[in-house]
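Colleague: Could you walk me through this model, starting with how its charged side chains pair up?

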Amino acid sequence: MRASSPCLLLLSGAVLALSAAASTTTDTIPILKAPEAFHEQLVLKPLNDGSVYSHFQFTTHIGTMMDDDHFDGAASNLFKHYNLFPRSIGQILHSFEVEELHLTFTQGRWQYSDWGYPLAPSAGTGVELWAWLNDDKRQTDEHWKGLTNTLSGLFCASLNFIDETITTEPKLSFRNEGLYNTHSVPPTHNNNNSTIPRRLRYGSLPHENVCTENLTPWIKLLPCKSKAGIASLLKSHKLFDTRFYSMAVHVRSVCEDEKCRIRSLELVQTITAVFDVARHDGSFDWSLSGLFEREITQSCPLASTSKVIVNLPQTADIENQYSLVPHPPQGIHSEGSGDKKQDIAVYDLQKVLPETTTPFQLALHWEGSRPKSARAITPGIVAHRYFTGFGQERGGLAIEIRNNNSQDIEAVYLDTLPWYLKLYLHTFNIQLNGKSLDNQRDLVQKMFYQPAVDRSRPAVLEMALRLPANSLVKFTVSFDKVFLKYTEHRPDANRGFDVGYAVITAQLPREQGQIGYGGLDHLRIYQEREAGLVQGRRSGNREEEEKEGETDKMRVYTDTLLVSLPTPDFSMPYNVITMTCTVISLFFGSVFNLMMRNFEVVKPAPKKSGKGKEKAEKTE
């Protein structure tokens with residue numbers, strides 16, 4: 001004991017020194033209030049057409065331990081130790097100085113007229129990638145190229161094809177969503193006020209196919225993978241057999257306190273799928289085991305919260321049309337009132353699973369296997385885009401935007417067209433409810449147009465619009481089709497070329513029957529910390545929301561298009577080669593045969609007479 005006393009004294013002295021150093025540094029660098037945490041959630045909602053909407057959301061937070069005076073971006077000295085945050089994502093953010101990242105893989109198209117608006121921002125068909133990069137060293141283009149190539153290898157996708165010919169920098173759309181405080185920061189303080197220069201890069205691949213090769217590396221980013229928790233329901237065979245499938249990765253900076261002095265980095269992984277449950281037997285009944293062919297046996301032990309949330313159907317006038325089994329232990333909660341009332345059932349897996357030895361079972365049964373009546377869905381904004389004209393030399397583009405709200409809506413329209421479609425801006429025309437407008441300033445408040453450069457950059461058309469209430473606005477513009485080199489055509493040249501979708505960003509009032517309503521507040525109520533993209537939907541000022549009405553920031557995506565360009569007859573080379581080879585083979589074969597064959601004169605054998613034959617027979 002006496003020999004160990006000096007060691008104890010040294011140890012106690014070291015502890016006192018460390019505590020004193022910590023006390024001196026707490027005045028300059030505040031201690032992080034919320035530690036690293038992981039949350040998982042599953043939101044389910046039956047749709048009016050019999051489909052079932054499912055939304056998986058996995059949120060991981062990692063603290064920055066820095067305030068306004070010491071914070072130098074998301075790529076600062078964050079990733080020295082990895083616990084819950086995936087190391088592959090952290091190294092990408094640090095290597096390419098990424099401040100904010102949004103990557104989405106989508107299969108199918110979201111039906112706004114039938115399903116309303118999704119809970120989390122969706123994307124168009126294919127792959128969409130946009131990121132805010134640190135431009136302090138003026139290496140944005142190099143970092144963007146490295147980011148696309150690295151993500152391409154990480155997710156087994158063709159993101160490396162996002163080059164300068166399809167990369168844009170929007171001026172009005174896709175603003176920074178990071179560093180947002182839902183408690184006290186007003187809407188005007190959404191953007192990061194840091195002095196570090198940041199640049200936006202946006203690119204999309206509308207023809208990219210989404211498959212299991214993309215889902216497998218996405219699941220590996222989760223702390224529990226698919227071994228436990230809600231992620232154990234993720235089965236590729238069932239997910240890719242749906243009407244709509246979207247997989248996303250979002251990284252941004254968020255606030256940890258009311259004054260946004262403590263900040264952390266947030267990684268949100270989402271999977272959205274729409275199951276057609278009535279396709280086989282016509283019944284709208286569903287269960288977790290029937291949807292995913294898997295069961296939840298245990299919650300993720302690394303998750304701080306693990307919830308399964310059901311947005312109950314919004315039926316009209318008729319009660320007791322369905323039954324939910326089992327009944328939620330905490331009862332059914334209601335949000336809103338009147339036509340905007342939304343009933344929500346919440347299941348805490350960390351409390352439900354330990355109480356029973358059986359897997360978690362959840363099912364919804366309709367009276368008579370189908371709903372008798374449901375509230376109609378009228379989306380606030382619906383957009384439709386299509387090509388006009390005929391022939392392979394010229395054409396036109398038409399965009400129709402319908403505002404179904406009873407008030408004017410401010411929206412931002414973004415359209416990116418490939419370089420082989422030459423737009424003529426002087427042909428741009430606007431029609432309001434079928435009538436041409438003389439003064440376009442009434443609708444188009446701002447316009448940004450970037451002309452295309454052959455084989456270098458695409459054409460970008462971006463407009464800040466003010467859509468009148470209950471109106472139909474139509475834009476038209478003409479373009480020419482460029483003659484491509486024969487080496488620039490794809491192997492399936494006669495199929496045509498994919499043209500990406502247009503994006504409309506608007507602040508829309510909440511309406512009845514939409515998935516977004518009710519699904520936003522409960523993510524905050526039943527979770528200790530705000531999860532994912534919920535923060536970006538709220539302004540944080542309750543008084544202004546009560547006066548102006550609650551709104552959601554939505555992005556509406558149009559259809560992808562297919563354009564037919566002047567295509568040479570690629571069968572002609574084949575025909576010419578075939579004919580030439582046939583002629584050469586016949587000519588060469590004949591000449592070679594004549595030159596190499598030896599010709600000899602063969603004399604015929606003498607013929608024997610008949611008498612001679614008779615004598616020969618007699619002698620025998």
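Modeller: Happy to! A salt bridge here is a side-chain nitrogen of Lys or Arg within 4 Å of a carboxyl oxygen of Asp or Glu. This is a predicted model, where local features need pLDDT of at least 70, side-chain atom pairs count only at pLDDT 80 or more, and totals for chains, interfaces and linings use all residues. Residues are numbered from 1 along each chain as its sequence is written, and side-chain values use heavy atoms, with hydrogens and water left out.

Colleague: Thanks! How many salt bridges does a search of the whole structure find?

Modeller: Side chains of opposite charge can pair when their charged atoms come close. Searching the whole structure for such pairs gives a total of 23.

Colleague: How far apart in sequence are the parts that E169 and R201 tie together?

Modeller: The side chains of E169 and R201 meet in a salt bridge, 3.2 Å from N to O. Helices (H or I, at least four residues) and strands (E, at least two) are DSSP runs, numbered from the N terminus. E169 lies in the loop between α4 (140–154) and β5, and R201 in strand β5, so the parts they tie together are separated in sequence by 32 residues.

Colleague: Is R201 buried or exposed?

Modeller: Let's set the scale: buried means under 20% relative accessible area, exposed over 50%, and partly exposed in between (1.4 Å probe, protein chains only). Its partner E169 has 22% and counts as partly exposed. R201 has a relative accessibility of 8%, so R201 is buried.

Colleague: Which residues are linked with E169 and R201 in a network of salt bridges?

Modeller: The E169–R201 pair has its closest N and O at 3.2 Å. The network that contains both also takes in D135, R138, D141 and R199.

Colleague: How many residues apart are R555 and E177?

Modeller: These two form a salt bridge with the closest N and O atoms 3.5 Å apart. R555 is buried at 12%, and E177 is buried at 17%. R555 sits in strand β24 (residues 551–557) and E177 in the loop between α4 and β5, so along the chain this pair has a separation of 378 residues.

Colleague: Which residues is G395 in contact with, leaving aside its neighbours within four places in sequence?

Modeller: G395 belongs to strand β15 (residues 394–403) and is buried, at 12%. Counting contact as heavy atoms within 4.5 Å, and with those neighbours set aside, G395 touches T388, S478 and F479.
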